[in-house]
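The following exercises concern salt bridges. Please consult the sequence and the structure before reading the solutions.

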Amino acid sequence: MDRILWVTDRYPPLKGGMAVSCARQVRALRRRGVRVDVLITGHPGGEVERDNGVDLFVAADAEPGQAANHAWLLALRRHTRAAYSHVVGFGACEGGFLATTFAAWLEVPSSVLVRGNDLDRDWFLSQRGWMVSEAFSRAGSIGAVTTEKAARIRALFPGKPVLWTPNSVDAARWTLLPGDEARRAEVRGLLRGGRVVGLIGELKAKKRIPFWLEAVRDRGLLGGLRLLIVGNLDGPSAAILE
């Protein structure tokens with residue numbers, strides 16, 4: 001049976017989309033019978049046993065680099081007892097850098113899973129960009145959630161296997177309940193008149209939501225629009241709407 005070491009600094013109890021997405025993927029693999037041990041850096045130390053795996057929290061250390069070294073020693077001990085077949089880094093910065101480093105030392109394949117901040121932010125930061133570059137260069141394969149991200153990585157690392165795996169919902173597994181249908185009819189009634197614009201996800205400045213809202217407002221277009229917002233608003237976006 002496959003045994004995966006999954007390395008990340010984004011995992012519950014941390015909040016946010018990255019942590020939720022990471023945990024969702026780990027749970028899906030475990031439900032399919034894959035043993036996944038998750039190594040989480042930057043949290044208070046401890047271990048939590050799960051079905052088909054364990055969550056391993058590695059506490060931060062006042063001495064630079066020591067927390068990562070503790071993580072490596074923990075991975076090595078577990079690999080010695082029962083060998084991992086693959087190491088996965090969730091996120092191309094710290095998680096990807098540690099995952100590809102550990103995989104090289106354990107002599108097993110590695111993969112790095114790329115999210116938005118890896119290329120949109122971390123690549124351009126001197127203190128973090130080198131980790132992203134190192135992770136990409138060492139990874140046996142790279143997974144990206146958009147075709148745009150995949151194309152940018154291939155341009156930087158020609159010949160590297162880069163796979164696009166879109167965020168998706170299996171429509172066959174979801175059915176609208178009567179309450180959902182009633183709520184849908186209610187929302188549609190509220191949105192009648194004017195053009196409807198949907199904003200879905202975590203709505204924050206990084207995604208240029210305030211810029212877009214200001215442009216619509218300054219052009220005097222708000223009166224002709226109906227905004228359907230699904231997700232959390234940050235302070236600047238909420239202030240503009242108010």
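**Exercise 1.** Determine how E134 and R138 are placed in helix α5, and whether their side chains pair.

*Solution.* Step 1: E134 and R138 both belong to helix α5 (residues 126-138) and lie four residues apart, about one turn of the helix; helices are DSSP runs of H or I with at least four residues, numbered from the N terminus. Step 2: this is a predicted model, in which local features need pLDDT of at least 70, side-chain atom pairs count only at pLDDT 80 or more, and totals for chains, interfaces and linings use all residues. Residues are numbered from 1 along each chain as its sequence is written, and side-chain values use heavy atoms, with hydrogens and water left out. Step 3: a salt bridge requires a side-chain nitrogen of Lys or Arg within 4 Å of a carboxyl oxygen of Asp or Glu. The closest N and O atoms of E134 and R138 are 2.8 Å apart, and the two residues form a salt bridge.

**Exercise 2.** Classify R128 and D122, which meet in a salt bridge, as buried, partly exposed or exposed.

*Solution.* Step 1: buried means under 20% relative accessible area, exposed over 50%, and partly exposed in between (1.4 Å probe, protein chains only). Step 2: R128 has a relative accessible area of 24% and is therefore partly exposed. Step 3: D122 has 2% and is therefore buried. Step 4: the N to O distance in their salt bridge is 3.1 Å.

**Exercise 3.** State how many salt bridges the rule yields.

*Solution.* The count comes to 14 salt bridges.

Definitions and conventions:
Helices (H or I, at least four residues) and strands (E, at least two) are DSSP runs, numbered from the N terminus.
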